[in-house]
Amino acid sequence: MHKIGVLSDTHGMLRPEVTEALRGCELILHGGDINKQKILDELGKISPVHVVRGNNDKEWAAHIPETLTLEIFGIRVFMIHNRKYIPKDLSDADLVIYGHSHKYEERKADSVQYLNPGSCGPRRFNQEITLALLYIEEDRSIRVEKVLIPHSPKKGKQTEETAVPADLADMIPAVMQEIDAGKTVKQIAAKHHISEELSEQINRMYLTHPGVGADGILRRLGL
(Lines give C-alpha, C1' and ligand atoms only; values in the text may rest on other atoms or scores of the structure.)
Protein backbone atom coordinates (compact mmCIF):
# COMPACT_ATOMS: atom_id res chain seq x y z
CA MET A 1 0.00 0.00 0.00
CA HIS A 2 1.22 3.49 -0.89
CA LYS A 3 0.45 6.62 1.17
CA ILE A 4 0.21 9.98 -0.61
CA GLY A 5 -0.50 13.41 0.88
CA VAL A 6 -2.84 15.77 -0.95
CA LEU A 7 -3.21 19.41 0.05
CA SER A 8 -4.02 22.80 -1.45
CA ASP A 9 -4.36 26.50 -0.71
CA THR A 10 -1.69 26.76 1.96
CA HIS A 11 -1.38 30.50 1.21
CA GLY A 12 2.04 30.84 2.81
CA MET A 13 1.24 28.83 5.95
CA LEU A 14 2.43 25.32 6.79
CA ARG A 15 0.89 24.18 10.05
CA PRO A 16 2.78 21.71 12.25
CA GLU A 17 -0.34 19.49 12.23
CA VAL A 18 -0.07 19.33 8.43
CA THR A 19 3.58 18.30 8.40
CA GLU A 20 2.80 15.69 11.04
CA ALA A 21 -0.08 14.25 8.97
CA LEU A 22 2.23 14.01 5.95
CA ARG A 23 4.88 11.96 7.73
CA GLY A 24 5.34 8.63 6.01
CA CYS A 25 3.90 9.80 2.68
CA GLU A 26 5.81 8.63 -0.38
CA LEU A 27 4.61 11.63 -2.40
CA ILE A 28 2.89 14.97 -1.78
CA LEU A 29 0.48 16.53 -4.27
CA HIS A 30 -0.29 20.26 -3.91
CA GLY A 31 -3.26 21.83 -5.72
CA GLY A 32 -1.91 25.38 -5.87
CA ASP A 33 -2.09 28.75 -4.11
CA ILE A 34 1.16 28.01 -2.35
CA ASN A 35 2.15 31.70 -2.17
CA LYS A 36 5.76 31.10 -1.08
CA GLN A 37 8.63 28.94 -2.30
CA LYS A 38 9.42 28.26 1.36
CA ILE A 39 6.29 26.10 1.60
CA LEU A 40 7.51 23.82 -1.18
CA ASP A 41 10.99 23.70 0.35
CA GLU A 42 9.56 22.55 3.69
CA LEU A 43 7.27 19.99 2.06
CA GLY A 44 10.20 18.69 0.02
CA LYS A 45 11.99 17.79 3.24
CA ILE A 46 9.18 15.32 3.93
CA SER A 47 8.72 13.76 0.49
CA PRO A 48 8.93 14.58 -3.24
CA VAL A 49 6.30 17.17 -4.20
CA HIS A 50 4.21 17.54 -7.37
CA VAL A 51 2.45 20.90 -7.62
CA VAL A 52 0.36 23.11 -9.91
CA ARG A 53 0.23 26.89 -9.92
CA GLY A 54 -2.74 28.69 -8.35
CA ASN A 55 -4.18 32.10 -9.16
CA ASN A 56 -2.33 33.63 -6.19
CA ASP A 57 1.05 32.17 -7.20
CA LYS A 58 2.68 35.10 -8.95
CA GLU A 59 6.09 35.75 -10.56
CA TRP A 60 8.03 33.50 -8.20
CA ALA A 61 5.96 30.51 -9.42
CA ALA A 62 6.29 31.13 -13.17
CA HIS A 63 8.10 27.79 -13.57
CA ILE A 64 5.24 25.82 -11.97
CA PRO A 65 2.72 24.42 -14.50
CA GLU A 66 -0.97 25.29 -14.39
CA THR A 67 -1.88 21.66 -15.11
CA LEU A 68 -0.02 18.46 -14.47
CA THR A 69 -0.56 14.91 -15.66
CA LEU A 70 1.37 12.10 -14.02
CA GLU A 71 1.14 8.43 -13.16
CA ILE A 72 1.76 7.34 -9.59
CA PHE A 73 1.77 3.70 -8.58
CA GLY A 74 -0.36 2.81 -11.60
CA ILE A 75 -2.89 5.61 -11.06
CA ARG A 76 -3.27 8.29 -13.74
CA VAL A 77 -3.57 11.70 -12.06
CA PHE A 78 -4.61 15.06 -13.47
CA MET A 79 -4.00 18.18 -11.35
CA ILE A 80 -5.32 21.74 -11.76
CA HIS A 81 -6.03 24.54 -9.29
CA ASN A 82 -9.52 25.68 -10.30
CA ARG A 83 -12.27 23.14 -10.92
CA LYS A 84 -13.79 25.56 -13.44
CA TYR A 85 -11.00 24.76 -15.90
CA ILE A 86 -11.05 20.97 -15.68
CA PRO A 87 -11.15 19.61 -19.26
CA LYS A 88 -14.33 17.86 -20.34
CA ASP A 89 -12.43 14.87 -21.70
CA LEU A 90 -10.75 13.06 -18.82
CA SER A 91 -10.76 9.60 -20.32
CA ASP A 92 -7.08 9.22 -19.51
CA ALA A 93 -7.42 10.07 -15.81
CA ASP A 94 -8.28 7.92 -12.81
CA LEU A 95 -7.97 10.76 -10.29
CA VAL A 96 -8.46 14.54 -10.61
CA ILE A 97 -7.06 16.82 -7.91
CA TYR A 98 -7.95 20.50 -7.60
CA GLY A 99 -8.34 23.26 -5.01
CA HIS A 100 -9.25 26.98 -5.01
CA SER A 101 -12.60 26.84 -3.19
CA HIS A 102 -11.10 26.03 0.25
CA LYS A 103 -13.90 23.48 0.64
CA TYR A 104 -13.26 19.74 0.88
CA GLU A 105 -14.95 17.72 -1.84
CA GLU A 106 -14.76 14.06 -2.73
CA ARG A 107 -16.88 12.58 -5.50
CA LYS A 108 -16.82 10.07 -8.32
CA ALA A 109 -18.19 10.49 -11.84
CA ASP A 110 -18.09 7.52 -14.19
CA SER A 111 -14.69 5.96 -13.50
CA VAL A 112 -12.96 9.19 -12.42
CA GLN A 113 -12.34 10.08 -8.78
CA TYR A 114 -12.42 13.84 -8.00
CA LEU A 115 -10.74 15.26 -4.91
CA ASN A 116 -10.45 18.76 -3.50
CA PRO A 117 -8.50 18.50 -0.23
CA GLY A 118 -9.75 21.90 0.93
CA SER A 119 -7.41 24.42 2.52
CA CYS A 120 -4.94 23.79 5.32
CA GLY A 121 -3.56 27.35 5.26
CA PRO A 122 -5.03 30.40 7.01
CA ARG A 123 -8.56 29.66 8.16
CA ARG A 124 -11.33 31.47 6.27
CA PHE A 125 -13.94 32.30 8.88
CA ASN A 126 -15.89 29.16 9.87
CA GLN A 127 -14.55 26.89 7.12
CA GLU A 128 -12.79 23.65 7.97
CA ILE A 129 -9.02 23.24 7.85
CA THR A 130 -8.42 20.06 5.87
CA LEU A 131 -6.11 17.97 3.74
CA ALA A 132 -6.40 14.42 2.42
CA LEU A 133 -4.42 11.21 2.46
CA LEU A 134 -4.58 8.78 -0.43
CA TYR A 135 -3.94 5.09 0.02
CA ILE A 136 -3.27 3.16 -3.19
CA GLU A 137 -3.42 -0.60 -2.92
CA GLU A 138 -1.48 -3.04 -5.06
CA ASP A 139 -4.63 -3.69 -7.12
CA ARG A 140 -4.74 0.09 -7.87
CA SER A 141 -7.81 0.67 -5.74
CA ILE A 142 -7.91 4.08 -4.04
CA ARG A 143 -8.97 4.92 -0.51
CA VAL A 144 -9.26 8.57 0.52
CA GLU A 145 -8.98 9.76 4.11
CA LYS A 146 -10.11 13.28 5.03
CA VAL A 147 -7.84 14.86 7.63
CA LEU A 148 -9.57 17.55 9.67
CA ILE A 149 -7.34 19.86 11.68
CA PRO A 150 -9.15 21.27 14.74
CA HIS A 151 -9.26 25.04 15.04
CA SER A 152 -8.44 26.25 18.52
CA PRO A 153 -8.32 30.05 18.59
CA LYS A 154 -6.44 31.72 21.40
CA LYS A 155 -8.56 32.79 24.32
CA GLY A 156 -10.12 36.18 23.74
CA LYS A 157 -9.29 36.15 20.03
CA GLN A 158 -12.13 34.15 18.57
CA THR A 159 -14.48 37.11 18.07
CA GLU A 160 -11.77 39.17 16.42
CA GLU A 161 -10.86 36.43 13.95
CA THR A 162 -14.26 35.10 12.99
CA ALA A 163 -16.83 37.82 13.59
CA VAL A 164 -18.52 39.05 10.41
CA PRO A 165 -20.49 42.32 10.70
CA ALA A 166 -24.15 42.15 9.74
CA ASP A 167 -23.79 45.06 7.32
CA LEU A 168 -20.82 43.54 5.47
CA ALA A 169 -22.68 43.49 2.13
CA ASP A 170 -23.24 47.26 2.40
CA MET A 171 -19.68 47.84 3.59
CA ILE A 172 -17.84 46.03 0.79
CA PRO A 173 -18.42 48.63 -1.98
CA ALA A 174 -16.89 51.30 0.26
CA VAL A 175 -13.98 49.02 1.04
CA MET A 176 -13.45 48.41 -2.69
CA GLN A 177 -13.24 52.16 -3.29
CA GLU A 178 -10.72 52.52 -0.49
CA ILE A 179 -8.60 49.72 -1.94
CA ASP A 180 -8.62 51.56 -5.28
CA ALA A 181 -7.54 54.70 -3.42
CA GLY A 182 -4.52 52.87 -2.00
CA LYS A 183 -5.69 52.47 1.59
CA THR A 184 -3.91 49.74 3.52
CA VAL A 185 -5.48 46.65 5.08
CA LYS A 186 -4.83 48.13 8.53
CA GLN A 187 -6.40 51.49 7.66
CA ILE A 188 -9.52 49.85 6.24
CA ALA A 189 -9.88 47.57 9.26
CA ALA A 190 -9.64 50.51 11.65
CA LYS A 191 -12.13 52.65 9.73
CA HIS A 192 -14.80 49.95 9.50
CA HIS A 193 -14.13 48.35 12.88
CA ILE A 194 -13.40 44.93 11.41
CA SER A 195 -10.50 42.57 11.99
CA GLU A 196 -7.38 42.92 9.89
CA GLU A 197 -7.93 39.31 8.79
CA LEU A 198 -11.33 40.17 7.32
CA SER A 199 -9.93 43.33 5.74
CA GLU A 200 -7.11 41.32 4.16
CA GLN A 201 -9.53 38.69 2.84
CA ILE A 202 -11.69 41.32 1.11
CA ASN A 203 -8.58 43.02 -0.26
CA ARG A 204 -7.22 39.78 -1.69
CA MET A 205 -10.53 38.72 -3.22
CA TYR A 206 -10.95 42.12 -4.86
CA LEU A 207 -7.43 42.32 -6.27
CA THR A 208 -7.17 38.73 -7.48
CA HIS A 209 -10.58 38.59 -9.20
CA PRO A 210 -10.74 41.54 -11.64
CA GLY A 211 -14.27 42.79 -12.20
CA VAL A 212 -15.71 41.07 -9.13
CA GLY A 213 -18.56 42.84 -7.33
CA ALA A 214 -19.66 42.88 -3.71
CA ASP A 215 -21.86 39.79 -4.16
CA GLY A 216 -18.98 37.95 -5.81
CA ILE A 217 -16.66 38.77 -2.94
CA LEU A 218 -19.22 37.48 -0.44
CA ARG A 219 -19.55 34.22 -2.35
CA ARG A 220 -15.78 33.77 -2.56
CA LEU A 221 -15.48 34.44 1.15
CA GLY A 222 -17.95 31.62 1.74
CA LEU A 223 -20.54 33.96 3.25
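The radius of gyration used here is taken over C-alpha atoms, and the rule for a globule is 2.2 Å times the number of residues to the power 0.38. With 223 residues, a compact globule would come out near 17 Å, and the protein chain has 18 Å, which agrees.

A word on conventions before the tour. The model is a predicted one, in which local features need pLDDT of at least 70 and side-chain atom pairs count only at pLDDT 80 or more, while totals for chains, interfaces and linings use all residues. Residues are numbered from 1 along each chain as its sequence is written, and side-chain values use heavy atoms, with hydrogens and water left out.

**The chain as a whole**

The C-alpha trace spans about 60 × 40 × 30 Å along its principal axes. The protein chain holds seven helices and 10 strands; helices (H or I, at least four residues) and strands (E, at least two) are DSSP runs, numbered from the N terminus. Of its 223 residues, 49% count as buried. Here buried means under 20% relative accessible area, exposed means over 50%, and partly exposed lies in between, with a 1.4 Å probe and protein chains only.

Taking contact to mean heavy atoms within 4.5 Å, residues 24 or more positions apart account for 45% of the contacts with a separation of 6 or more. The accessible surface is about 11,500 Å², and 49% of this area belongs to carbon and sulfur atoms; such areas come from the Shrake-Rupley method with a 1.4 Å probe, and for residues only the protein chains shown count as cover.

For the charges, Lys and Arg count as positive and Asp and Glu as negative, without His or the chain ends. Each charge is placed at NZ of Lys, CZ of Arg, CG of Asp or CD of Glu. The mean positions of the 29 positive and 32 negative charges are 4 Å apart.

**Two helices with a buried side**

Let us look at helix H2, residues 37-44, where Ile39, Leu40 and Leu43 are buried. They cover an arc of only 95° around the axis, so they sit on the same side of H2; the arc is that of the directions from the helix axis to the C-beta atoms. The buried residues of H2 pack against three strands: E1 (2-7), E2 (27-30) and E3 (49-51).

Helix H5, residues 185-192, has Ile188, Ala189 and His192 as buried residues. Their arc is only 100° around the axis, which puts them on the same side of H5. This buried set packs against helix H4 (168-180) and helix H6 (196-208). On the face of H5 turned away from the buried side are the exposed residues Lys186, Ala190 and Lys191. Just after H5, His193 takes a positive phi of about 55°.

**Residues in the loops**

Three loop residues can be set side by side by relative accessibility.

| Residue | Loop between | Relative accessibility | Class |
|---|---|---|---|
| Asp89 | E5 (75-82) and E6 (95-99) | 60% | exposed |
| His102 | E6 and E7 (105-109) | 5% | buried |
| Arg140 | E9 (129-136) and E10 (142-149) | 41% | partly exposed |

Backbone angles add some detail here. His102 has a phi near 70°, a positive value in a residue other than glycine. Arg140 is also a residue other than glycine with a positive phi, near 75°. As for Asp89, its C-alpha lies 15 Å from that of Leu68, with the two positions 21 residues apart in sequence numbering.
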